[in-house]
Amino acid sequence: MTFLRLPAVEHVYLIKWPDITLFLINITHHEKKPPCWTDNASWEERLADVVTPLWRLSYDEQLERKQEHQEKILSQLSGYLSGDSPVGDKLSFPVLPILPSPVRNGYRSKSTFSVNRGVDGNPKTVGFYVGTGRKGNIVCVSGDHLLNMPQKHKLVARCYQDFIRLSSLEPCLLFHTGGHWREITVRTNAEGRTMAIVYFHPQNLTPEEVAVHKAELVDYFTQGPGSVCQLDSLYFQESTMTRCTHEQSPYQLLHGQPHIYEEVLGFKFRISADAFFQVNQAAAEVLYGTVRDLCVPNNEQAGRLTETGGTLLDVCCGTGAMGITISPRVDRIIGIELIEQAVEDAKHNAALNNVLNCEFIPGKAEVVLPGLMSQLSFAGRGLTVVVNPARAGLHYRVVRALRNQPAIRRLVYVSCKPDGEAMRNFKELCCDPAPQKKLTGEAFSPTLAVPVDMFPHTPHCELVLLFER
């Protein structure tokens, strides 16, 4: 297929895919004028312009653009700390060159494909949305041409489309209009192991009637044309909600193994149907290695040995990957995570790797942390913190607890959106003591920033920011 070189985009379009909302927000912030399409643009180009807006640029040009964007964001923090205009162009701390992704194409380990009307009007089309629900102009376009999509994901999506077109059941485009077949999520690991999760709205079907269609699904992917996908796991989730947890509506294993596994920096991690895991495994090794080296610098630096050990507090620890990869360099890891299933995965991952110095605590960080801080005042050989919150950033009580704990001398903040709520966190960590906000502890200072490209062909990257006292 030949792509036309087009001017930049005109509207932000809805794509039902993890991380894409963030990409679109970044696009609108990054470009004064979002991309616009000419009448000659194909649907494939339109989709690529939304999902992978930088696909027309060389990889070096992509990295240059991302570097400039991160430096612009961080110059605002520098301006705030120096008392100058918040929109300055001077950096008061070094920003290293962005670390590239070792894999640039087909890197996604997780993709969620939607079901809706295609370009030809067929409601049983599997792909990604172009258009908006508000304007009623949603079109579902195949993602076969997308650069960040692995071939295995494309194959499973095509087979699922063939299956639902053979099914006697209608797709569920809008919950109130009926229909049953919904999205499919595909997860793969570096070895090519594949998990598929089919989402289904039961409407008024009886459990016995649903069981018939589940059996047809299993037969299609194990004995029929879909067997070409060689699925290692096939899950099914019945739900009357747009998104729900395993506790709200259990994932039903219809075929194969309950988990697939991924390896990062020599450690093995279990991936459940709903577990969070970085969608670019190769770049995750770069990210976690960077975080590890900033939290606990390597033993040998500049020809001399540096002391390691102490306690690492991992806030928003997820399934424990970051803390576990750092565990050999510290005496103790304490992880805090809201989602209980993720805590169970973290405990399993620690046991799987024979890591004995990790403890994982379920609960809201803003509830757990203040009480925990008094116990950590005597953390022995030092207390280091790594935080990796969602886009909403850290709760103000978490920032207050970290800021007011004098034992913390080093804090590493991993942000997927530093120009959002994370910037508020940065400022509260670094501002002068503010008794009215109960920020009475010694201020931190940003000393080093390292961007890591986790998502080639998109404007998004992770920023690792080191704060020290």
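Here are a few worked exercises on a predicted model, each with a step-by-step solution.

**Exercise 1. Work out the strand order of the open sheet of 7 strands, and find which strands sit at its edges.**

Solution.
- Start with how strands hook up in general: they pair through backbone hydrogen bonds, either parallel or antiparallel.
- Now trace the sheet across. The order is β3-β2-β1-β4-β5-β6-β7, and the pairing is mixed.
- Next, look for strands that pair on one side only: these are β3 (139-141) and β7 (252-256), the edge strands.
- Finally, check the twist, which averages 35° from one strand to the next.

**Exercise 2. Zoom in on β4 and β5: in which sense do they pair, and over how many bridges?**

Solution.
- Find the two strands: β4 covers residues 181-188 and β5 covers residues 194-200.
- Compare their directions: the pairing is antiparallel, over 6 bridges.
- Pick out one pair of opposite residues: Arg187 faces Met195 in β5.

**Exercise 3. Find which strands helices α2 and α5 touch when they pack on the sheet.**

Solution.
- Take α2 (residues 43-51). This helix touches β2 (125-130) and β3, and its direction makes about 60° with that of β2.
- Move on to α5 (residues 207-222). Here the touched strands are β4, β5, β6 (233-238) and β7, and the helix direction makes about 155° with that of β6.

**Exercise 4. Decide whether Gln62 is buried or exposed, and list what it touches beyond its neighbours in sequence.**

Solution.
- Locate the residue: Gln62 is part of helix α3 (residues 59-82).
- Read its relative accessible area, 1%. Buried means under 20%, so Gln62 counts as buried.
- Leave out neighbours within four places in sequence. Gln62 then contacts Leu54, Leu57, Pro456, His457 and Thr458.

**Exercise 5. Compare Gln278 and Asn388: where does each lie, and is each one buried or partly exposed?**

Solution.
- Begin with the record: an unreviewed UniProt entry puts the feature "binding site" at Gln278, Glu337 and Asn388.
- Place Gln278 in the loop between β9 (267-271) and α6 (281-295). Its relative accessibility is 5%, so it is buried.
- Skip residues up to four places away in sequence, and the contacts of Gln278 are Ser109, Ala284, Leu287, Tyr288, Met454 and Glu462.
- Place Asn388 in the loop between β15 (383-387) and α10 (396-403). At 21% relative accessibility, Asn388 is partly exposed.
- With the same kind of neighbours skipped, Asn388 touches Val315, Cys316, Met322 and Val414.

Technical notes. Residues are numbered from 1 along each chain as its sequence is written. This is a predicted model: local features need pLDDT of at least 70, side-chain atom pairs count only at pLDDT 80 or more; totals for chains, interfaces and linings use all residues. Side-chain values use heavy atoms; hydrogens and water are left out. Two strands pair if DSSP finds at least two bridges between them. Helices (H or I, at least four residues) and strands (E, at least two) are DSSP runs, numbered from the N terminus. Axes are lines fitted to C-alpha atoms, for helices over the stretch in contact, and angles run from 0 to 180 degrees between N-to-C directions. Contact means heavy atoms within 4.5 Å. Buried means under 20% relative accessible area, exposed over 50%, partly exposed in between (1.4 Å probe, protein chains only). UniProt positions are given in the numbering used here, feature names are shortened, and annotations may be inferred rather than shown by experiment.
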